[in-house]
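Me: I want to go through the terms used for this protein and see what each one rests on. Show the structure, please, and then we can start.

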Amino acid sequence: MTCRMTKETTEDNVVPVEDFWHRKVNKINTLYAYGAIDTKEYIEEMVRLGFTKKQILDDMQNKED
């Protein structure tokens with residue numbers, strides 16, 4: 001069976017991995033800043049994106065100072 005829903009991919013349609021990652025980080029930061037997610041969810045999401053808990057907690061503490 002052939003999937004008829006595929007479309008040709010051109011380089012114009014592909015977002016570079018680094019840009020995609022930065023957008024994800026910005027989205028999580030925005031959700032946290034507006035209170036849409038709590039601290040626990042924020043930390044979990046940032047760890048999922050590759051940060052360590054120590055990096056996140058240090059950054060959060062620096063923002064408070």
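Reply: Start with V15, which is partly exposed, with a relative accessible area of 40%. This is a predicted model, in which local features need pLDDT of at least 70, side-chain atom pairs count only at pLDDT 80 or more, and totals for chains, interfaces and linings use all residues. Residues are numbered from 1 along each chain as its sequence is written, and side-chain values use heavy atoms, with hydrogens and water left out.

Me: Why is V15 called partly exposed?

Reply: Buried means under 20% relative accessible area, exposed over 50%, and partly exposed in between, with a 1.4 Å probe and protein chains only. V15 has 40%, so V15 is partly exposed. V15 sits in the segment before α1. Leaving out residues up to four places away in sequence, V15 touches F20 and R23, where contact means heavy atoms within 4.5 Å.

Me: How many helices and strands does the protein have?

Reply: There are three helices and zero strands, in the order α-α-α along the sequence. Helices (H or I, at least four residues) and strands (E, at least two) are DSSP runs, numbered from the N terminus.

Me: What makes α1 and α2 roughly antiparallel?

Reply: Helix α1 (residues 17-33) and α2 pack at an angle of about 175°, with their axes 10 Å apart. Axes are lines fitted to C-alpha atoms, for helices over the stretch in contact, and angles run from 0 to 180 degrees between N-to-C directions. Angles under 35 degrees count as roughly parallel, over 145 as roughly antiparallel, 65 to 115 as roughly perpendicular and the rest as oblique. At about 175°, the pair is therefore roughly antiparallel. V25, I28, N29 and Y32 of α1 make the contact with T39, Y42, E45 and M46 of α2.

Me: Why are α2 and α3 called oblique instead?

Reply: The axes of α2 (residues 39-48) and α3 (residues 53-64) come within 9 Å and cross at roughly 130°. That angle falls in none of the named ranges, so α2 and α3 are oblique to each other. From α2, T39, Y42, I43, M46 and V47 meet K53, I56, L57 and M60 of α3. By class, this contact of α2 with α3 has seven nonpolar, one polar and one charged residues. Nonpolar here covers Ala, Val, Leu, Ile, Met, Phe, Trp, Tyr, Cys and Pro; charged covers Asp, Glu, Lys and Arg; the others, Gly among them, are polar.

Me: What share of the protein's residues count as buried?

Reply: Of the 65 residues, 14% count as buried.
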